[in-house]
Amino acid sequence: MGTTEHMSATDLPATHPSPRRPFAALLAALIAALIALVTLTACGSDSAGSSGAAAKPTASAAPTTHEVVDMGGRHVTVPTHPERIVTNYPAVTQIIFMLGGIERVAGVPLSNLTTLPLFKKIYPPLAQKKAVFGADTTTVNTETLLAQKPDLVVLTSGNAALVKKITDLGVPVVQIASFPNYKKLNDGVTFLADVLGGDAPKRAQQYVEYVDGNVAQINKGLAGLPATDRPKLYYTANNPLNTEGGGSIIDNWSTLAGGTNVATANGVQGTMKDVSVESIVQWDPEYVFCRDASSCTKIQADPRWSSVAAVRDKHLIVNPRGVFVWAARSAEEALQPIFVAKTLHPAQFADVSIEQEIKDFYKTFYSYDLTDAEVTGILHPTTP
């Protein structure tokens, strides 16, 4: 037999069970089972903490798109929270800024980059945005547009060919109205806020309340104003002989602020309409509101205007402009009627400080504290 058959007890192999081995094995097994139980419990607790009990149904994920009806009446499927937006109209960029969505704007019209320096001062990154549309707002560089990887393009309404051109590229387009009156302005801000999502609707509601409050204040101040106390006014759009008549927001604020738009009173309808200097002399406006400082300069230097009451009485008013011009089709239009009302009827609005109105507006809607010098620049602009 082999030598193992003759080994003594003290020579047994180490693997042979000793009298103490059963207890040690049992203890090891119990410890292993306890560790497994603790690990399983911890995993279950972590799972429940992050997603709830396994048996509990979870809420479905929010949709990534939804359908809206834009201000041109089109049904459009848009991102629930668009992240890369391109605009074709500078005032729309300003509204998005006011609604807190400017960081999501990837492309703008050229005029956002070449005019309105206060906008770039308040929001310096604007200068780095890509010019996708030309200054005319209808010329689009499709290569530049696609390079921005837009998930939404916002266009002014009324250009079906441009809408088709962009939608054919696979990019959703919504149209926003050109704000012919204050109701449409409020509607446009509200619509754009709904498209942006997030806290934009709350901001839009605050803006609508501000506009409605100004309108109510003006109506109260001018209650019972007779027609004979409504000064005749004329508005210069693209140049001294270009104006806006019935159906425009210019006509809306002219009437609201206690004036009479002489263009509308003499049959002019619509926006950007050319008229003759002979007509203006005949209409004899008592106030002229110039969208651009250059128009007032030209009128002052033109002897043909010398007999017009506004020129004789030194009532040539350069219209204020800030982040955008107040007079036409932007959210800063909210300040225009109170400015015009105080200009035409100072006694009725003696307690209104336009300077403070401007500071409050910028603080509320842009979170920006204007200096006195900046307020003066807004009220007396010299550059486009």
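**Two parallel sheets and a helix with one buried face**

Let me open with two helices: the axes of α2 and α15 come within 9 Å and cross at roughly 75 degrees. The model is a predicted one, in which local features need pLDDT of at least 70 and side-chain atom pairs count only at pLDDT 80 or more, while totals for chains, interfaces and linings use all residues. Residues are numbered from 1 along each chain as its sequence is written, and side-chain values use heavy atoms, with hydrogens and water left out.

That crossing makes α2 roughly perpendicular to α15, a label given to angles of 65 to 115 degrees, where under 35 would be roughly parallel, over 145 roughly antiparallel and the rest oblique. Axes here are lines fitted to C-alpha atoms, for helices over the stretch in contact, and angles run from 0 to 180 degrees between N-to-C directions. Gln-94, Phe-97 and Met-98 of α2 make the contact with Phe-361, Phe-365 and Tyr-366 of α15; contact means heavy atoms within 4.5 Å.

I now turn to α15 itself. Helix α15 covers residues 354-366, and its 13 residues reach 17 Å from the first C-alpha to the last, close to the 18 Å expected at 1.5 Å a residue. That expected span is 1.5 Å times one less than the number of residues. Which residues of α15 are buried? They are Ile-354, Glu-357, Ile-358, Phe-361, Tyr-362, Phe-365 and Tyr-366, where buried means under 20% relative accessible area, exposed over 50% and partly exposed in between, with a 1.4 Å probe and protein chains only. Seen down the axis of α15, these buried residues fall within an arc of 125 degrees, so they line one face of the helix. The arc is taken over the directions from the helix axis to the C-beta atoms. Their cover includes α2 (90-98), α4 (117-122), α8 (200-221), α14 (336-344) and α16 (372-379). Just after α15, Ser-367 takes a positive phi of about 55 degrees.

For the wider setting, the protein has 16 helices and 13 strands. These are DSSP runs numbered from the N terminus, helices being H or I with at least four residues and strands E with at least two. Of the 384 residues in the protein, 44% are buried.

Next come the sheets. One is an open sheet of five strands in the order β5-β4-β3-β6-β7, with parallel pairing; two strands pair if DSSP finds at least two bridges between them. β5 (130-133) and β7 (173-176) stand at the edges with a single partner strand each, so one side of each is left without a neighbour in the sheet. Strand β6 (residues 152-156) pairs with β7 over four bridges, and Thr-156 stands opposite Ile-176 in β7.

Another open sheet has four strands in the order β10-β8-β12-β13, again with parallel pairing. Its edges are β10 (260-261) and β13 (316-318), each with a single partner strand. Helix α12 (residues 293-301) packs on this sheet, touching β8, β12 (287-290) and β13, and its direction makes about 160 degrees with that of β13.

How many bridges join β8 and β12? There are four, in the parallel sense, and Leu-233 stands opposite Tyr-287 in β12. β12 and β13 pair over three bridges, with Leu-316 of β13 as the bridge partner of Val-288. In a regular strand the side chains alternate between the two faces of the sheet. In β12, Tyr-287 and Phe-289 point one way and Val-288 and Cys-290 the other way, and all are buried.
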